[in-house]
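Here is a short tour of one protein model, written to be read with the structure open beside you. Take a moment to turn it around before you start.

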Amino acid sequence: MKGDKELLSNYLRDHPETKFLEVMTVDVSGVLRGKRLVREEFEGLCSEGIKACRSAALLDFSGAPPTELELGSEDGDPDCLAFGDLGSIVPVPWLKSPTAQLLMSLVENDGSACLLDPRNILGSIEEKFNKMGYKPVAATELEFYLTKEDDARIVVPIKGSIPGTSREQQGIQFGALEDLWDLDEFLVSVYKACNEQKIPARAALSEFAPGQFEINLNHVSDPVLACDHAVLLKRLIKGVAREYGLTATFMSKPFAEEVGSGLHIHISLLNEEGENIFSCDSGDPPPATSKKLKYAIGGLQDTMAESMAIFAPNANSYRRFTPGSYAPVNTAWGHNHRTVSLRIPPSNNCNTRIEHRSAGADANPYLVMSAILAGIHHGIINELAPDKMIHSGEYYDPPIGKLPSTWDKALTSLESNSILKNYFPENYLDYFLTVKRSEYNRFQSEVSDRDYAWYLKLA
């Protein structure tokens, strides 16, 4: 704790105006939840930590633990402890009050890691690679929409303007730099905040729909940190958007007529000599592939079906899987091919990697990364051969029905899993399923406007 106190002291020395500290943990849905501390409470983070409800790690999207869990209501909602990762303390530049933030991890009262915390779960799976002498290197790509209010609808995606007019530009306008010009002040504020918060943001892209954007993050040799960057970038973009009267959403499919938003994860493995074990044994660049990369692909294919409920965890997630949308729901792999779930991007032997393309932007990055690492580990230790590689430019028509493409089928597939249960903590997947089945049942019980439009008069 001495080092933590020094980190806190150094931060407050550099930011003496700080009055508040927002401390956050990650719940099962990937939502950051926490509390705001006043300055007199800061030092306690380095000594006794703060009390935290264990059930808060399993909140659904309504912000409450489902009654079916029998946690929080039936067990007296016992506390565990939360300790701050003082290396993550940074300012919150979009707030007017002098506020800092930091991530916390849950700890049981006996000092062991609380394995309801997604950060701790991912760390435990990473340890399996460390024992093999491997270090995962990972980065995330997040797509999102910027939206505004509309008289006819709750929100619509913002669109670029026709220069010299107040009229909106029509069409997809993929890669339109002019759309970034229209948002120049917003993007400058995003990158400034990323710099202050030590988030390694890289290229920004106007994506495959009006109002949709992507900001890439740099690779790091720590999968937990890579996921920290993802959830903190989401928080940052939402915070900065509010300053400009906009709403940023990472909802998987916010607009029926536009493409969905994905969470793409790039991952490779380094050995103890710092060499990329996915590089081709002969030294040839892709599409030549190493045995270890093939085994990793084989494992990811083997675990894809039972992982879909993690990659696509909500009702809306499955609206993203539409033909021609580059949102693959298949187990295919290939070099430089965007219709496959497991893509090998153009690269050299230093950065040969797998781009995992199945997850939606609404998914919990820590659980997605955990499922991916579980699949890779499973494939390598069992030397699982993948099926035929799809080559760049090759026509590929994905088979239908190989993977669950609806929420209920995905939950059933996870429930009958045979591999993930060997990687996730005991009971955690049962808890996850209870939360998600509760959400599913409530979603299915809602009577929507479409029910009235189709059935009210004619049924």
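The notes below go through helix packing, one serine, and then the empty spaces.

This is a predicted model, so please read every value as computed from it. Three helix pairs are described, and α7 takes part in two of them, meeting α6 and also α2. The third pair is α4 with α5, and α5 comes back later as a contributor to the wall of the largest pocket.

**α6 against α7**

- Helix α6 covers residues 291–311 and helix α7 covers residues 365–382; their axes come within 6 Å and cross at roughly 140°.
- An angle over 145 degrees would count as roughly antiparallel, and α6 and α7 are therefore oblique to each other.
- The handedness of the α6 and α7 crossing is right-handed.
- On the α6 side, the contact uses K292, Y295, A296, G299, L300, D302, T303, S307, I310 and F311.
- Facing them from α7 are L367, V368, A371, I372, G375, I376, H378, G379 and I380.
- Sorted by class, this contact holds 11 nonpolar, 6 polar and 2 charged residues.

**α2 against α7**

- Helix α2, residues 118–131, packs on α7 at an angle of about 20°, and the two axes are 9 Å apart.
- Since angles under 35 degrees count as roughly parallel, that label applies here: α2 and α7 are therefore roughly parallel to each other.
- Here the crossing of α2 past α7 is left-handed.
- From α2, the residues in contact are P118, R119, I121, L122, I125, K128 and F129.
- From α7, the partners are Y366, L367, M369, S370, L373, A374, I376 and H377.
- The class count for the α2 and α7 contact is 11 nonpolar, 2 polar and 2 charged residues.
- L367 and I376 of α7 are worth finding on screen: both are listed in the contact with α2 and in the contact with α6.

**α4 against α5**

- Helix α4 (residues 184–196) and helix α5 (residues 223–243) have axes that come within 10 Å and cross at roughly 140°.
- These two helices are therefore oblique to each other, and α4 passes α5 in a right-handed crossing.
- F186, S189, V190, A193 and C194 of α4 meet L233, L236, I237, V240 and A241 of α5.
- The residues of this contact divide into 9 nonpolar, 1 polar and no charged.

**A closer look at S189**

- S189 is part of helix α4.
- Leaving out residues up to four places away in sequence, S189 touches V240 and Y244.
- For a sense of scale, S189 and E149 are 40 residues apart in sequence, and their C-alpha atoms are 22 Å apart in space.

**The largest pocket**

- The largest pocket holds about 860 Å³ of space.
- It is lined by 30 residues, of which V31, L32, F61, K234 and K238 are the closest to its centre.
- The elements giving two or more residues to the lining of this pocket are β1 (20–26), β2 (32–38), α5 and β11 (247–249).
- Helix α5 gives the largest share of that lining, 7 residues.
- By class, the pocket lining has 12 nonpolar, 8 polar and 10 charged residues.

**Cavities**

- The model has 2 cavities of 30 Å³ or more, and the largest cavity has a volume of about 50 Å³.
- The lining of the largest cavity is made up of V28, S29, F61, I310, P313, N314, D362, N364, L367, F432 and K436.
- These lining residues divide into 6 nonpolar, 3 polar and 2 charged.
- F61 lines the largest cavity and is also among the residues closest to the centre of the largest pocket.
- I310 and L367 line the largest cavity, and these two residues also belong to the contact of α6 with α7.

Definitions and conventions. Residues numbered from 1 in each chain as written. Predicted model: local features only at pLDDT ≥ 70, side-chain atom pairs only at ≥ 80, totals over all residues. Heavy atoms only, no water. Axes fitted to C-alpha atoms, helices over the stretch in contact; angles between N-to-C directions. Helix = DSSP H or I, 4+ residues; strand = E, 2+ residues; numbered from the N terminus. Parallel < 35°, antiparallel > 145°, perpendicular 65-115°, else oblique. Left-handed = near helix turned anticlockwise from the far one by under 90°. Contact = heavy atoms within 4.5 Å. Nonpolar A, V, L, I, M, F, W, Y, C, P; charged D, E, K, R; others polar. 1 Å grid on protein atoms, 1.4 Å probe; cavity = no way out; pocket = protein on both sides within 12 Å on 5 of 7 lines; lining within 4 Å. Points joined across faces, edges and corners; volume = space filled by probe spheres on them.
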